Amino acid sequence: MQNPNEDTEWNDILRKKGIIPEKEKEIEITEEKIKEMMEESIRKQMGGKKLDEMELDELDEWEDDEDEAVFAEIRAKRIAEMKAAASLAKYGTVLEITAPEYVQEVNKAGDGVNVVLHLYKQGIPLCALLNQHMTTLARKFPATKFIKSISTTCIPNFPDKNLPTFFIYKDGEMKTQMVGAVTFGGMNCTVDELEWMLHKAGAVSSTMERDPREKRHIPDAMTSAIRQANYYNDSDSD
């Protein structure tokens, strides 16, 4: 019996007549597909760890067993990514400045540099809390320049009612202002909430997908509704 998958003139006629099914097309395996298959294989064997999360010594362990040319390309790409990340991650702490340093540290921070400036005053609890949060976030996002300055030292006669105040700069220009205690939610402000606010302002690249304040607002709304219902029930009973 003739093989229906063979490329013959007779089989072509039979296919056109619908007597035998069309020949299945062979899946083309591209170099990119090979890379994807290799990465998936490695990820499974490394307990789900992606190639861009692996250190260079981990890549070296696999190089002897896999395609040398492909792995050389992957390794070079990973080195470039690590160098790029290292060049950006040059801060990591909160810098304290005075008025004479403002232009140099803020306006001339550099191309593509995000700057977060906190104007604060000692003795204001929320300012102290946000300074603590900034220290945490500065370590987490070392590519962003975090700066703090006593308000009246930096800007003479700056009103205390506007504290705390955050100025967000990029490329030497102010992009966003966050002014006053209400903006930050008062002393209830958590480090995650501040991270979200800075992320939405474009100052940090957070992996957060939702505003953490939503978790607090839901029970607050429920409590408010219960209180309102109790109020009307008490009124009816009167």
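**A walk from the β4–β5 hairpin**

Strands β4 and β5 form a hairpin with two residues between them, and in this hairpin D171 takes a positive phi near 55°. Keep in mind that we're looking at a predicted model. From this turn, let's follow β4 outwards.

β4 covers residues 165–170, and five of its six residues are buried, so the strand is largely enclosed by the rest of the structure. What does β4 pair with? On the hairpin side, β4 runs antiparallel to β5 (residues 173–179), and six bridges join them. If you want a register mark for that pairing, take I168, whose bridge partner in β5 is T176. β4 also pairs with β2 (residues 114–120), again in the antiparallel sense and over six bridges. Here the mark to look for is V115, which has Y169 of β4 as its bridge partner.

Now for the side chains. In a regular strand they alternate between the two faces of the sheet. With that in mind, have a look at the aromatic residues of β4. The model has two aromatic pairs. One of them is Y102 with Y169, an edge-to-face arrangement with 6.3 Å centre to centre and 80° between the planes. This pair links distant parts of the chain, as Y102 belongs to helix α5 (residues 102–107) and Y169 to β4, 67 residues apart. Both Y102 and Y169 are buried.

What about F166 and F184? Their ring centres are 5.2 Å apart and their planes meet at 55°, so this pair counts as tilted. Again distant parts of the chain are linked: F166 sits in β4 and F184 in helix α8 (residues 181–184), 18 residues apart. Like the tyrosines just described, which are buried, F166 and F184 are both buried.

The phenylalanine pair leads us into the largest nonpolar core, which has 19 residues; F166 and F184 are among those with the most contacts inside it, along with F146, L194 and L198. Which elements give two or more residues to this core? They are α6 (125–140), β4 and α9. Of these, α6 gives the most, with six residues. For a closer look, pick L198: leaving aside neighbours within four places in sequence, L198 is in contact with V116, L137, F146, F166, I168, M178, A203 and V204. There is also a second, separate core of 16 residues, which includes A109, V113, V115 and F167. So V115, the residue bridged to Y169, turns up in that second core.

L198 brings us to helix α9 (residues 191–200), where E193, L194, E195, W196, M197 and L198 are buried. After α9 comes G202, with a positive phi near 85°. Carry on into the loop between α9 and α10 (213–237) and you reach S206.

Is S206 buried or exposed? Its relative accessible area is 11%, and the cut-off for buried is under 20%, so S206 counts as buried. Its side chain makes a polar contact of 2.6 Å with the side chain of E195, one of the buried residues of α9. The S206 side chain also reaches the backbone nitrogen of M208, at 3.0 Å. Not counting residues up to four places away in sequence, S206 touches F141, E195 and H199.

Definitions and conventions
Residues numbered from 1 in each chain as written. Predicted model: local features only at pLDDT ≥ 70, side-chain atom pairs only at ≥ 80, totals over all residues. Heavy atoms only, no water. Buried < 20%, exposed > 50% of the residue type's maximum accessible area, 1.4 Å probe, protein only. Helix = DSSP H or I, 4+ residues; strand = E, 2+ residues; numbered from the N terminus. Polar contact = N/O pair within 3.5 Å; in protein donor to acceptor, adjacent residues only side chain to side chain. Contact = heavy atoms within 4.5 Å. Pairing = 2+ DSSP bridges. Phe/Tyr/Trp six-rings, centres within 6.5 Å; stacked < 30°, edge-to-face > 60°. Core = buried A, V, L, I, M, F, W, Y, C linked by side-chain atoms within 4.5 Å.
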